[in-house]
Amino acid sequence: MKGIGLLILIVFYAVYISKAVMQKRKGIQTDQIARGKEKSKVFYTELVMKAAAYSVIAVEVWSVFRAVPDMPGSLAVGGAVLGLAGDVLFAVSVLTMKDSWRAGIAEKDKTEMVTEGIYSISRNPAFLAFDCVYAGLLCMFFNWPLLLFSAFAIIMLHLQILQEEKFLERTFGREYLAYKSKVRRYLGRK
């Protein structure tokens, strides 16, 4: 299971880093988390979310390497499937979003609203992918620090989604509201 756990982490973060590098070559700043914003609620939520997302990576890696085979086999296998599904979902999400994808709220960037592909059944498939990876690794390598850090990261990502929804309503207006009325926040159509 250690090998699969490492694979899940490597693939997930390789997708993130690869997308950021490709966008940087086009002059696009991918990481907009707590950057260039006035010191407001959005800034501080993004700052804490960024700290949560980075710290959970360290705990995930530590959990994989310190793993002891005490998780029931079916739970660990289910976690591996969930984590790998998160990898695929994340890759599909950032590819579908094309150059409109950012980490954080890009207040000054001109982006397009994406509603096709995976975004036709989830308004936040990339965030859902993070949650799948967190939950999958937790099922594979359960320990209390991993539970606490994963839960905190999931909560912070949800708060980020709520902020992004307000931004998208201001930016895209009725177009976003119509989309929001048809597609659920995490998964499914209304």
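This passage describes aromatic pairs, pockets, cysteines and one unusual backbone angle in a predicted model.

The aromatic side chains make a convenient starting point. A pair of aromatic rings is described by the distance of the centres and the angle of the planes. Across the whole structure, a search returns 10 aromatic pairs. One of them joins Phe 90 to Trp 101 in an edge-to-face arrangement, with 6.1 Å from centre to centre and 80° between the planes. This pair links distant parts of the chain, since Phe 90 belongs to helix H3 (residues 73-97) while Trp 101 sits in the loop between H3 and helix H4 (125-140), 11 residues apart. Both partners are shielded: Phe 90 counts as buried because its relative accessibility is 0%, and Trp 101 counts as buried at 6%.

Phe 90 also pairs with Phe 130, again edge-to-face, at 5.4 Å centre to centre and with 80° between the planes. Here too the pair links distant parts of the chain, with Phe 90 in helix H3 and Phe 130 in helix H4, 40 residues apart. Phe 130 has a relative accessible area of 14%, so this residue is buried as well. Seen together, ring pairs connect Phe 12, Tyr 13, Tyr 16, Phe 90, Trp 101, Phe 130 and Tyr 134 into a cluster.

Two members of that cluster, Phe 130 and Tyr 134, reappear among the contacts of Leu 157. Leu 157 lies in helix H5 (residues 144-172), and this leucine counts as buried because its relative accessibility is 4%. Leaving aside residues up to four places away in sequence, Leu 157 touches Met 49, Phe 127, Phe 130, Asp 131 and Tyr 134. Leu 157 can also be placed relative to Lys 50: the two are 107 residues apart in sequence, yet their C-alpha atoms are 9.1 Å apart in space.

Attention now turns to empty space. Rolling a probe the size of a water molecule over the atoms shows where empty space is left. The largest pocket holds about 820 Å³ of space. Its lining comprises 40 residues, and those closest to the centre are Trp 101, Arg 102, Ala 103, Phe 127 and Glu 164. Trp 101 is thus both a lining residue of this pocket and a member of the aromatic cluster, while Phe 127 is both a lining residue and a contact of Leu 157. Helix H1 (2-25), helix H2 (41-65), H3, H4, H5 and helix H6 (174-182) each contribute at least two residues to the lining. The largest share, eight residues, is supplied by H5. By residue type, the lining of the largest pocket divides into 28 nonpolar, five polar and seven charged.

The second largest pocket has a volume of about 240 Å³. Fourteen residues line the second largest pocket, and nearest its centre are Lys 41, Val 42, Ile 105, Gln 163 and Lys 166. The elements giving two or more residues to this lining are H2 and H5. Of these, H5 gives the most, with six residues. H5 therefore makes the largest contribution to the lining of each pocket described here: it supplies the largest share in the largest pocket and the most in the second largest pocket. The residues lining the second largest pocket divide into five nonpolar, three polar and six charged.

For a reader thinking about cysteines, the model holds zero disulfides. Cys 132 is in no disulfide, and the nearest cysteine sulfur, that of Cys 139, is 11 Å away. At that distance the sulfur of Cys 139 is too far from the sulfur of Cys 132 for a bond, because a disulfide is a pair of cysteine sulfur atoms within 2.5 Å. The surroundings of the two cysteines also differ in class: Cys 132 counts as buried at 14% relative accessibility, whereas Cys 139 is partly exposed, with a relative accessible area of 24%.

A final point concerns the backbone. Lys 98 has a positive phi of about 55° although this residue is not a glycine. Lys 98 is placed in the loop between H3 and H4, the loop that also contains Trp 101. With a relative accessibility of 54%, Lys 98 counts as exposed, whereas Trp 101 counts as buried at 6%.

Methods: Residues numbered from 1 in each chain as written. Predicted model: local features only at pLDDT ≥ 70, side-chain atom pairs only at ≥ 80, totals over all residues. Heavy atoms only, no water. Phe/Tyr/Trp six-rings, centres within 6.5 Å; stacked < 30°, edge-to-face > 60°. Helix = DSSP H or I, 4+ residues; strand = E, 2+ residues; numbered from the N terminus. Buried < 20%, exposed > 50% of the residue type's maximum accessible area, 1.4 Å probe, protein only. Contact = heavy atoms within 4.5 Å. 1 Å grid on protein atoms, 1.4 Å probe; cavity = no way out; pocket = protein on both sides within 12 Å on 5 of 7 lines; lining within 4 Å. Points joined across faces, edges and corners; volume = space filled by probe spheres on them. Nonpolar A, V, L, I, M, F, W, Y, C, P; charged D, E, K, R; others polar.
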